[in-house]
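Subject: Structure handover and notes

Dear colleague,

Here is the structure I said I would pass on. My notes on what was found in it follow below.

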Amino acid sequence: MAQQDKKPPLLEKLSPTTNALLKNDVWTLQNDFVKHLEFSQGKDKYTSTSHDFYKSLVYTVRDRLFERWIETQQTYYKKDVKRVYYISMEYMLGRLLSNALLNLKLTENLKQGLWELGLDLEELQQNEHDAGLGNGGLGRLAACFLDSMATLELPAQGYGIRYEYGIFSQKIQNGRQYEAPDPWLQFGNPWEIERPEYNYRIQFYGRNEAYTDDQGRERFHLVDTEDVLAVAYDTPIPGYGNNTVNNLRLWAAKSTQEFNLEYFNHGDYDRAVEDKANAELISKVLYPRDDFIEGRELRLKQEFFLVSATLQDILRRYKRTHDNFDAFPQKVAIQLNDTHPALCIPELMRLLMDREFMSWKQAWDIVIQVFAYTNHTILPEALETWRTSLMEKILPRHLQIIYEINRRFLEENKKQYPKNIKRLQRISMVSEEDDKRIRMAHLAIVGSHSVNGVADLHTKIIKKDIFRDFHDIWPDKFNNKTNGITQRRWLKLANPLLAELISDVIGDQWLTHLPHLKQLQDKRNDTGFKDQWNEAKYKNKECLAQYIQSELGTQVNPDSIFDCHIKRIHEYKRQLMNIMRVIDLYYTIKDKPDADVAPRTVIFAGKAAPAYTTAKLIIRLIHDVAAKVNSDETIGERLKIVFMPDFSVSLAQLIIPAADLSEQISTAGMEASGTGNMKFALNGAPTIGTLDGANIEIRDEVGNDNIFIFGMTADEVAQKRTESYNPQSLYQQDPRLKRVIDGIQNGEFSPDETQRYKPLADNLLSSDYFMVLADFKAYVSMQQNVDKAFKDKQRWTSISIQNTAGSGVFSSDRTIGQYAKEIWNIEPVSIKLNKDSNT
């Protein structure tokens, strides 16, 4: 007992700043690594696998994150700072180990320490599986934003869902896409910490039951619900070169009843675990197919599961240090990443009224002060709507609240537009058509104090077109925040050869202040520097060529133009127009074997949504064209086509540094921003693209002479759609275009099934909604300009350097700085440790 009495108080013992911080010298890192191998995993040199070594490495790094993580969270509590909560259905984080090593500046010491132990850091990093928590740009943007929030020392936390299988793993068989589960958690996730103490009951179905409170006010609560538990899993998010480690909290669905012993004892083993299986479906897979009712129901459940757990957690955290909600808007900012989390608005109303017993006015005043909404798309199918019948079944109380929000909103606007019924119908949250639906974007706009687009053009479109009526009501609510990317991952980590060259010339301030890259403009005419630039690019191309040879068995020429089109497969992104242009180039070379064309390797990568038949057919066409072209001995190395399956962040980090040309050819007015274009430009790959999304701003930064812009503008596309656009006439008037379409629809690339691609051709010739035929001739012509520029090596290198030099504005640090100042009203909080870790 005496010995126990001498121990320091528990909280003091656990305080990270009362003890010496972990050291980062080589010997200490080695010692910690070996200890984790033995004591965290129970392994020795005889039984350890490469994955065991990887996990020990993660634990060694994680220890250093945790001491900063704990201090960061305690500082936020002690100072009672305003925090921003970023809610997103997707996060494409990529591999976390390399990012943590960079941000903690541990790479060199760990590399040396492991080498002395007979291990290779780069080889161990290959054990890390990309977390499949996103589908494309939306999830990758969210990951960049988390990195920038921590680097800017902003008190922030991300919230999402811990999908057990995430986005599907793409398999290609005979040119067809097949979807397989992506078991990214198969061997566990050493980065995360389960927090079983933070679990919340999520209520589905049931019915509203009214009652009168002790003040005579009508209240509601849900009864007869089916409940699921949301359990927290936390991942540390470190900032670069500081002590801030913020948190990403992901929710996993658990059953409230793990096991029914009564069913089991009667031999009904399936029903014994039925509740558990049904509950856990919610966090099983990202974006279940929604072309059938069960899929739509599950997706709605996922969205509500995320927002309800998150808001309950935010309220719990606030109530730890506050007795009432007077200061809530001064302490909490919530950013809705697209329309998926829009149910936050009725859910916070429900929590404040039904659990905290506020009046409608009190609750609504809080709601509109804390929420901000980012719109990421103008595509009608992406502006979510939900059938009222489905919402009434699953979320009856929330539908009731949405109806009341809508009623009050319309009543207010009737005063201003008393006779304009059509306008009221347009702005209503309820679409009163035969298939009555809730318009989630309208709900998000009405319930938020800020609505932002993600590129100048995109913001103009939402102001003047799709949300024009709302902009008329609240012009000051709408603003632009052009997207950005984190240069730490997309240049320093992805392209270490180029990053080192840049730092040698201008220093490494660009890691936190990307506009410093503008200094590279002075080197555009420096022959020696240009030679070094080209050497770095060529080594990256050789690395990618080796990977393609190893994984796909296709030999490509590093001296060719690496022409890259890597993004989600969608008709508006126009991979179809690209492969049509490739067919035209194939015909050109076949007709004129001596034609002076630069050799090309056309690289595609991207996934099609499982139910998106047309996108999947485009993938198959790419493979069929590749099979014919790549096997044609008369073509040789002059043209190769590669489709790289199972696109991921890690694969992008391999492709982008090797790219010569960035394909950003979406139908003008349909791409909200795009961030792939920024990643390519940052790595010195010029854009060929339309005046769409952030392409316009890239052009403004790099200059007209360093980008290849073609095609119609957004206004011209809109005008053509209102006119009697006739794609058939273009088909008849342009012999090259006609030959390409005929080759596709007559089975030249699918001789075993001549009608395989007739649906694609029929769609192009009948409607061509995405203006493929309308832009085709201009696209082919601009590709010829690319060809000419590439042959002039000095000019091409200058273009490449200028693209990197002009990328300074496209850092997510700049974007997040604008959000913090202009929307969230939060300030940086510096995290101080008593004794900084040192070598």
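I begin with Asn 683, which is buried at a relative accessible area of 1%. This is a predicted model, and everything here should be read with that in mind. Asn 683 is found in the loop that runs between α28 (676-682) and β21 (687-689). Its side chain reaches back to the backbone oxygen of Lys 679, at 2.9 Å. Leaving out residues up to four places away in sequence, Asn 683 touches Trp 490, Leu 491, Asn 495, Leu 498, Lys 537, Ile 656, Pro 657 and Thr 804. For a sense of scale, the C-alpha atoms of Asn 683 and Glu 164 are separated by 33 Å, and these two residues are 519 residues apart along the chain.

On confidence, the mean pLDDT of the protein is 93, and 95% of its residues reach 70 or more. Residues 1-8 have pLDDT below 50, and beyond near neighbours in sequence this stretch has 1 contact in the model. Where pLDDT is low, the predicted coordinates should not be read in detail.

The parallel sheet

β21, the strand after the Asn 683 loop, belongs to an open sheet of 6 strands in the order β19-β18-β17-β20-β21-β22, with parallel pairing. The edges are taken by β19 (639-643) and β22 (708-709); each has a single partner strand, so one side of each is left without a neighbour in the sheet. Helix α25 (residues 575-591) packs on this sheet, where it touches β17, β18 (600-605), β19 and β20. The direction of α25 makes about 160° with that of β18.

β17 covers residues 561-566 and is joined to β20 (residues 661-664) by 2 bridges, the two strands running parallel. Asp 563 has Leu 661 as its bridge partner in β20. Towards β18 there are 6 bridges, again parallel, and there the bridge partner of His 565 is Phe 604.

How many residues of β17 are buried? The count is 6 of the 6, so the strand is largely enclosed by the rest of the structure. Ile 561, Asp 563 and His 565 point one way from β17, while Phe 562, Cys 564 and Ile 566 point the other way, and all are buried. The two residues with bridge partners named above, Asp 563 and His 565, thus point one way from the strand.

The antiparallel sheet

A second open sheet is formed by 3 strands in the order β12-β14-β13, with antiparallel pairing. Here β12 (385-387) and β13 (430-431) stand at the edges, each with a single partner strand, so one side of each has no neighbour in the sheet. β13 pairs with β14 (residues 437-439) over 2 bridges in the antiparallel sense, and Val 430 stands opposite Ile 438 in β14.

Helix α4

Helix α4 (residues 50-79) has 30 residues and reaches 43 Å from its first C-alpha to its last, close to the 44 Å expected at 1.5 Å a residue. The helix is mostly covered, with 24 of its 30 residues buried. Asp 80 follows α4 and has a positive phi, near 50°.

Two further buried polar residues

Lys 481 sits in the loop between β16 (478-480) and α22 (487-493). Is Lys 481 buried or exposed? Lys 481 is buried, with a relative accessible area of 1%. Its side chain makes polar contacts with two other side chains, that of Asn 479 at 2.8 Å and that of Glu 822 at 2.9 Å. Setting aside neighbours within four places in sequence, Lys 481 is in contact with Asn 452, Gly 453, Val 454, Thr 815, Gln 818, Tyr 819, Glu 822 and Ile 823. Lys 481 and Ile 816 are 8.6 Å apart in space, C-alpha to C-alpha, and 335 residues apart in sequence.

Gln 157 lies in strand β2 (residues 156-161) and is buried, with a relative accessible area of 4%. A polar contact of 3.0 Å joins its side chain to that of Tyr 159. Apart from residues up to four places away in sequence, Gln 157 touches Val 84, Tyr 85, Tyr 86, Asn 247, Arg 249, Asp 313 and Arg 317.

Regards

Key
Residues are numbered from 1 along each chain as its sequence is written. This is a predicted model: local features need pLDDT of at least 70, side-chain atom pairs count only at pLDDT 80 or more; totals for chains, interfaces and linings use all residues. Side-chain values use heavy atoms; hydrogens and water are left out. Two strands pair if DSSP finds at least two bridges between them. Helices (H or I, at least four residues) and strands (E, at least two) are DSSP runs, numbered from the N terminus. Contact means heavy atoms within 4.5 Å. Axes are lines fitted to C-alpha atoms, for helices over the stretch in contact, and angles run from 0 to 180 degrees between N-to-C directions. Buried means under 20% relative accessible area, exposed over 50%, partly exposed in between (1.4 Å probe, protein chains only). A polar contact is a pair of N or O atoms within 3.5 Å; within protein, one must be able to donate a hydrogen and the other to accept it, and residues adjacent in sequence count only if both atoms are side-chain atoms. pLDDT is the predictor's confidence in each residue, from 0 to 100. The expected span of a helix is 1.5 Å times one less than its number of residues.
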